[in-house]
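Open your viewer and get ready to select chains one at a time. We will go step by step, with a short stop at each.

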Amino acid sequence: MRHVESNEAGFTILEVAIASVISTVGLVFLATLFTLGIAQNRMVKQYTTATSLAQQKLEEFNAYEKTDARIVTTGGGLAKDSTDPKQTGYYDTVYVNPETGTVTNIIPQGATPIYDRYWKVENDQTLNNTRIISVRVAARQPTVGRRSEETTLTTVRSW
Amino acid sequence: MRTNNQRGFSLLELTIGALLTVGLMGAIFTLVNRNQQVFLSEASTTDMNGNMRMAVDLITRDVQSAGMGLPRVNGSFSAILYKDGASGAADSILMVNGDPYAPDASVSTYTAGSTQFLSVKPPEVKVTTSGGNTTMTYVDGQGQNKSIYKSYSSDPKLYICYDDKLAKIFRLSQAGAIDGTGQLDLRYTSGSANFWSPATAFGSAIDTGDPDWPNATICMLGSLVGYRLNTTTHELERTEDLTNWFPVARGILNLQIQYRITSAINTPSSAPSNRREIRSLVVTITAETADLQPTSKNYRLTVQQFEVTPRNFNLLNNTNLSTNTEATWDF
C-alpha cells in the first residue's frame, strides 16, 4: 500500500487572514495614489485657470483708457486679511464654461468650480501717473484641505 | 529502483491548468491594453496642451507687438486687420509691423499720376552724393549703416504709407532722391501688384481705402504676421509674408477672436467697424487630441480663452516713462 506523506498541510486560516490584511493594506495604499493623482490634476487645473483669469483681468486693465474711472480711481482690496478687505466694485465671481471656454459672471446652478477675483489699484509712491494693479484669484472650492488654489499677479500701468 | 510516484497530470488537471493560464493571460493582457490606452491618452493630452500653449504663446507675442515700428502721434497705426468667419467659422488676423529702426518720413504731397510721394526727409537719413550717385543710409540698432529708399530691383524692401487706420504697401521703382526744394522724392511702381492695401491682400472686408495722404507717414515695412486656421488639417497656420503659411500648432479646431474697443470697452465684439478703437483681443482657441479619432474613447477636447492687449496702440494713454501727457513720439 502506498505511503501517504503527512507534509501536505495547506495554510492555516490565521496565515491566510494575515496575508489578506497585508495585501489589502498594500492595495488600499496603491488606490490612494490614484485618487491623489486625480486630485493633483484638478489642483493644477485650478491653479492654471486662476492664473489665466488673473492675467485676463490685467490685460483688461491695460485696455482701459487713462480716463476710465476704473484705472483713475485708486482703491480695492485683495481680501487676503482684515487689513486688505475686499471692496465693492473691486471683485467679481466668474465661471469658466468648460465647453466654450468663455468666462462669464453668470454662474449656472450648481456649477463648479467657480473663482472669486479681487483687484486693487494703487498709486506708485515715486512715479506720477502710474498705477500698480494687483489681481488675486481664488478657487471657491479647494481641491484638498481648506486652503483653496489661488494666485496673485501684479502689473504697472502708466501714462 | 523505480518509484511509483511519477504519474503525469490527469486530463482534468491539464484542462484546469490550461483554463487558468488562459484566464490569467487574458486578464494580464486586458490590463496591459488598458495601460497602453491610458498612456496613449495621456501622451495625446500632453501633446494637445503643448499645441494649445504654442498657439497662445505665439498669438500673444505677435498681438502685443502689433504696430511696432509704425508710430503715430497718439500711438501707432491700428495694425490689426481681421476676417470674421461667418456663422461661427474660424476667424483670422493679420498684424502689420514696420521696421523698428528704419526712419519714417512725413508725406507732404502724393501724386498718383506720377506715382510719386514727396516727403520731409527724416533727419536720421544720411544722404551721400558721389559721382552723381545719391545713396541714403540710416543707422540700425546694432550701429550698422543700412541703406534705405533703394529701388525694389536692387534692394527688395517694401515700404508702407499709412495714417492712423489705412495703409498702402508699395515697391520703389527707382532710388529715392532729394528734389530741388530739399524734399525726399520717392517713386513707386504702378499697378495693384506693386501698390496695394494690406486689407485687400489679406481679403479683409474693411479698411481697403487710401490713407489721408498729407497726414500719412512712410516707413520701411517690417513683417506682416498673419494667423488662420486650416480647417482640413486642423492646423493653426502663421505667415510673415502672406504667401507662405506655416503650421505652428496641430489639432486646433477653432479660433475665435473678439475685440474690446474703446466705445464699448465692457463688451467685446467680433467685428469692430472702427479698428482705430481696438484696445484688446479676446481669443478663444479649441484644441483636440490630434492623433486620435473623435470616436476613440481617449479623444479629448480643450478650450481656452485669453485676452491680450497690443502694447503700441494706446500710447496716448500709455506715454510710459514720461509724465508729460503731450509727449511727442520720435522713434
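The tour starts with one chain and then moves to the contact between two.

This is a predicted model, in which local features need pLDDT of at least 70, side-chain atom pairs count only at pLDDT 80 or more, and totals for chains, interfaces and linings use all residues. Residues are numbered from 1 along each chain as its sequence is written, while chains are lettered from A and ligands numbered from 1 in the order in which they are written.

**Stop one: chain A.** Select chain A and colour by secondary structure: you should find two helices and six strands (DSSP runs, H or I of at least four residues for helices and E of at least two for strands, numbered from the N terminus). Followed from the N terminus, the order is α-α-β-β-β-β-β-β.

Now turn chain A along its principal axes, where its C-alpha atoms fill a box of roughly 110 × 35 × 25 Å. Its radius of gyration is 28 Å, against a value near 15 Å for a compact globule of 159 residues (taken over C-alpha atoms, with a globule rule of 2.2 Å times the number of residues to the power 0.38).

**Stop two: the contact.** Show chain B as well. Residues are in contact if their C-beta atoms, placed from the backbone, lie within 7 Å; here 18 residues come from chain B and 19 residues from chain A. On the chain B side, select β20 (278–288) and β21 (301–308), each of which supplies at least two residues. Which strand gives the largest share of that side? It is β21(B), with six residues.

Definitions and conventions
Contact = placed C-beta atoms within 7 Å.
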